[in-house]
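Biologist: I would like a close look at a single part of this model, the place where aromatic rings come together. Please take me through it pair by pair.

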Amino acid sequence: MERYDMTIIGGGSGGLTAARIATALGAHVLLVDKEKLGGDCLNYGCVPSKSLIHVARVVQQARDAAKLGLMPASLGVDMAKISAYVQGVISRVGEAEQVYTEGVTVKFGHVAFKSPTELDLNGERVNSRNTIIATGSHPVVPRVEGLAETGYLTNEGVFDLTRLPASIVVVGGGPIGVELGQAFQRLGAQVTLIQGAARILPREDAEVSEAVAGVLTSEGIEIVTSARFIKASRNGDRKVVTAKRGDDLLSFEADEIILALGRQPNVDGLNLEAAGIKYDAKAIKVDEYLRTTASSVLAIGDVIGGYLFTHVAAYQAGVAVRNALVPVAKKKVDYRVVPWCTFTDPEAARVGLTPDDAGKQYKQMRVVKFPWAEIDRAQAEGETVGFIKLVLAGKKDEIVGAHMVGARAGEMLGELSLAMQHNLTLNDILDTIHVYPTMNTGIQQTVFEAYLEGSAIASNRKIIRAISSFRGRK
């Protein structure tokens, strides 16, 4: 029986990060995956989707060339070559990730628990002092009449397309749905987006959802909200989606259906019961130290639900490895500041509370909003759609939330996340010199507006008036 200090089940972002940290700490580490490393993010998620979005953005820029005084270009779309480009990016990023497995024993195949410290790997027994489950998630496929017979795509197959469908129905208006919908619309497909909730991106601030919806609609995407997917069928070579909105049945024909209805944890076949690990259809249960109900087994990433983001899985990996290998000073996960971004064009980026949430938690709260069009760099590049919204709480104007719609908003979110994580004040940001002209000056400009509208300047104004009045009497 082989023995390890740590076995990591799942070779995605969280598993790879955990393996590298644990090995750096001197542990004897086994990393197991079914057939290949990289996980959903590398093979079916973040990397290929952003590659496709990049290609679609180039196509859109060619269409918009005339607005800049250039001769407009009409680019033909070769989906096979686009897919080859996407796969090339996946390959190159995968090669760069090989550094994460240096000094790590990597094996592929089926793994299942025999006990909290014993695993079965392809019929062989493995003993592990600690185990981290990082098996990720897979797309939700609803039990809808006729769906299996009609056929559909998810993010696990859409990047292999070698022919661009003329029309697509995207079912689901979350981040994956809106990103893919906009990309395929820009490439030349006619996209209809069906969303069960009353608005797309329902986890975002309402103004963010409205702004993104406005952009998608202006580009020709039909958005249908409050419509529940209930049936799929065929009409010759065409696929038909039937949705129910209120008492009405709505039908949509298209060449392809893309499902983007959320994620489910990958737990099948792990035999978690043998280790005494509790779970349900949504997640493996963990405590604030990322321990499962078996104390020697921890879990991270999508498989525990919550924040289904690559960067959160990587953060959790560091916490889990430390708690497993270092016997003292256990560390709790801290989700007070979790940034995320939907990579539409323009991007929708968020960290912290929405105004509605902040209003429920704080007696004193205010919102400062700054138009993206007033950022000089945005004007120079013709990227004027969007805004920056800061949610401030308490007498000291603590930043408790930030919401942005705009070009490269995700890149800009780092500064505000750092400020919130370390409790920096508006003055700290205002006193920091920002390079001009950059998009980031928009953050400084927003903070400046917050300062001008705040209580601090009002108090200083009273002091200055009192001093002026005193000097006038002398």
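Which residues do ring pairs link into a cluster?

Modeller: The cluster consists of Tyr 307, Phe 309, Tyr 335 and Trp 340, linked by ring pairs. This is a predicted model, in which local features need pLDDT of at least 70 and side-chain atom pairs count only at pLDDT 80 or more, while totals for chains, interfaces and linings use all residues. Residues are numbered from 1 along each chain as its sequence is written, and side-chain values use heavy atoms, with hydrogens and water left out.

Rings of Phe, Tyr and Trp (its six-membered ring) pair if their centres lie within 6.5 Å, and planes under 30 degrees apart count as stacked, over 60 as edge-to-face and the rest as tilted. By this rule the count comes to three aromatic pairs. In the pair of Tyr 307 with Trp 340, the ring centres are 6.2 Å apart and the planes stand at 45 degrees, so this pair is tilted. Tyr 307 belongs to the loop between strand S16 (297–299) and helix H8 (310–325), whereas Trp 340 is part of strand S17 (residues 339–342), so the contact of rings ties together parts that are 33 residues apart in sequence. Helices (H or I, at least four residues) and strands (E, at least two) are DSSP runs, numbered from the N terminus.

The two partners also contrast in their burial: Tyr 307 is partly exposed, with a relative accessible area of 25%, while Trp 340 is buried, with a relative accessible area of 9%. The cut-offs are under 20% for buried and over 50% for exposed, with partly exposed in between (1.4 Å probe, protein chains only).

Trp 340 pairs with Phe 309 as well, and here the ring centres lie 5.4 Å apart with the planes at 20 degrees, so the pair is stacked. Phe 309 sits in the loop between S16 and H8 and Trp 340 in strand S17, so this pair joins parts that are 31 residues apart in sequence. Both Phe 309 and Trp 340 are buried.

A charged side chain completes the picture around Trp 340, for Arg 203 lies over its face, at 4.8 Å from the ring centre; the criterion is that NZ of Lys or CZ of Arg is within 6 Å of the ring centre and within 35 degrees of the ring normal. Elsewhere in the model, the charged end of Arg 20 sits over the ring of Tyr 100, 4.9 Å from its centre.
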